[in-house]
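Here are my notes for a first reading, set out as numbered points. Please keep the sequence and the structure open beside them as you go.

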Amino acid sequence: MTPGDAMALGGLGLQRSLERADYVEEERYAREQEVVLSSDWFCVGRSEALARSGEYLAVEVAGEALLVIRGADGELRCFYNLCRHRGTRLVPSSSHGPDAPGTPSGRFGRVVTCPYHAWSYGLDGVLRRAPFLPQALRLKDQLSLHEIAVESWGGFVFVRLCSDKQEPSLGERLSEVQKRLAHYRLSDLRIGRRLIYRVAANWKVILENYNECYHCGPVHPELCRLVPDFSRGGAGLNWDEGIPHRAGATTFTMSGRTDREPFPDLLPEERSRHRGELVLPNLMLSLSCDHIAAFSLWPESAAYTTVVCDFLFTTDAISAPNFDPEDAVGFWDLVNGQDWYICEQVQAGMRSRMFTVGWLSELEEPSADIGAYIRARGLGGSRAQSRPESPRRSS
Ligand code: FES
Ligand SMILES: [Fe+2]
């Protein structure tokens, strides 16, 4: 493309996407790990997996293996998953991939013991024992586990590798989302089913796809039959009010109906409309009246992302003897498959030397938020520009 072509496209009201290198080059991905994924709140799962003292999640964030542990005092803490003696992994780390996805979990006793020479640490990360080296305990301030920030919101657990006092706290960051979703009582919900996908696409391709409905007509025929407004290319969707389903439909299932009760605190319009939120960098929420699809993205390299899709329900729904989430799970699996397939085609196309940059129309305006988020952190090619960030789900 010549500079003249680019100007002409700009004149049509199209704005530049991130550049090819931002999607396909490992060097750029390594910078993102450092500058973006390490320095923002990254969702690592649901706190229900960490309900009891000693329960842990072993996760990998921005290339670093971490342990999130519920302490004996009830507090959540997060540590680097490495022994202070010689650096051994305390828990075998998860390598992202189809056989070893996202988040192995388990439960420690009262201590975490290194498998190499059996140094052990309390659930608070403090060195408790170093066999035959009692003098090591005198230096326990220097020899305790490396700790990082962890916080919860709505039943989700977030960690941040590099804390910057200038950055807003998690609560401040999500205060508007909290207001919009208050009636769903996210903290009270539990996982009824989990699907895990390994997608051959850059994590930002998946986010950008999530944030626009320009693709809904060509890619999601069943979804458009359920939500006719989605077939208009994303024009006129009012996510603050929620998106109505077709007449007689209230939820994301093939029939648009379900036997499950709506969440108890929802307003009448929330009982029949669909909502969505994007919590950058890696949590996508799709909210129906009776279930929520919560997608956490686990970037693995420039070209691969593991997506963990948790289906959240009320505890009453899950404990019902006839609980069967398949109506929602099956429909979502269909829609997800369509999304992952097209994201993989985007990634494959962008690898060509002929691709330099994409063009976002007004219909894809919310997708531009992902580029703005990256550029605000000093990445995103040479065109650093700041633009207010308003990460909301469009589709
Ligand atoms: S490396 Fe952990 S005890 Fe030696
Ligand atoms: Fe989609």
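1. Two residues are said here to be in contact when heavy atoms of theirs lie within 4.5 Å. With that in mind, and remembering that this is a predicted model, begin at His-245, which is in contact with Leu-226, Val-227, Pro-228, Thr-250, Thr-251, Phe-252, Ser-272, Arg-273 and His-274, once its neighbours within four places in sequence are left aside. The residue sits in the loop between β13, residues 243–244, and β14, residues 273–279.

2. Is His-245 buried or exposed? Its relative accessible area is 9%, and because buried means under 20%, His-245 counts as buried. The side chain of His-245 also reaches the backbone oxygen of Ser-272, at 2.8 Å, and Ser-272 is one of the residues in its list of contacts. As a sense of scale, the C-alpha atoms of His-245 and Ala-136 are separated by 64 Å, the two residues being 109 places apart along the chain.

3. The strands on either side of that loop belong to an open sheet of 6 strands, whose order is β12-β17-β16-β15-β14-β13 and whose pairing is antiparallel. Which strands stand at the edges of this sheet? They are β12 (190–199) and β13, and since each has a single partner strand, one side of each is left without a neighbour in the sheet. Helix α11, made of residues 326–350, packs on the sheet and touches β12, β14, β15, β16 (292–299) and β17 (305–313), while its direction makes about 20° with that of β12.

4. It is worth following β14 through its pairings. On one side, 2 bridges join β13 to β14, and these strands run antiparallel; here Ile-243 has His-274 as its bridge partner in β14. The strand β14 is also joined, by 5 bridges and again in the antiparallel sense, to β15, residues 283–287. In that pairing Arg-275 is partnered by Leu-287, and Gly-276 stands opposite Ser-286. A hairpin of 3 residues links β14 to β15, and β14 is mostly covered, with 6 of its 7 residues buried.

5. Just beyond β15 comes a further loop residue to check, Ser-288, which has its place between β15 and β16. Its relative accessibility is 0%, so Ser-288 counts as buried. Residues up to four places away in sequence not being counted, Ser-288 touches Tyr-184, Thr-251, Phe-252, Phe-263 and His-274. Among the residues in contact with His-245 are also Thr-251, Phe-252 and His-274, so a reader may find it helpful to view these two loop residues together.

6. The cysteines deserve a separate look. A disulfide is a covalent bond between the sulfur atoms of two cysteines. How many disulfides does the model contain? The count comes to 1, and this disulfide joins Cys-213 to Cys-216, with 2.1 Å from S to S. The torsion about the S-S bond is about -110°, so the disulfide is left-handed. Both of its residues are buried, Cys-213 with a relative accessible area of 1% and Cys-216 with 0%.

7. Other cysteines are placed otherwise. Cys-162 is in no disulfide, the nearest cysteine sulfur being that of Cys-78, 12 Å away, and at 39% relative accessibility Cys-162 counts as partly exposed. Why is the sulfur of Cys-309 not bonded to the closest cysteine sulfur? The closest one, in Cys-43, is 13 Å away, which is too far for a bond. Cys-309 itself counts as buried, at 0% relative accessibility.

8. Finally, please look at a further open sheet, this one of 7 strands in the order β2-β11-β10-β5-β4-β3-β6, with antiparallel pairing. Its edges are formed by β2 (42–46) and β6 (105–107), and because each has a single partner strand, one side of each is left without a neighbour in the sheet. From one strand to the next, the twist averages 30°. At the β2 edge, the partner is β11, residues 156–160, and the two strands pair in the antiparallel sense over 4 bridges; within this pairing, Arg-46 stands opposite Phe-156 in β11.

Key
Residues numbered from 1 in each chain as written. Chains lettered and ligands numbered in written order. Predicted model: local features only at pLDDT ≥ 70, side-chain atom pairs only at ≥ 80, totals over all residues. Heavy atoms only, no water. Buried < 20%, exposed > 50% of the residue type's maximum accessible area, 1.4 Å probe, protein only. Polar contact = N/O pair within 3.5 Å; in protein donor to acceptor, adjacent residues only side chain to side chain. Pairing = 2+ DSSP bridges. Axes fitted to C-alpha atoms, helices over the stretch in contact; angles between N-to-C directions. Disulfide = S-S within 2.5 Å.
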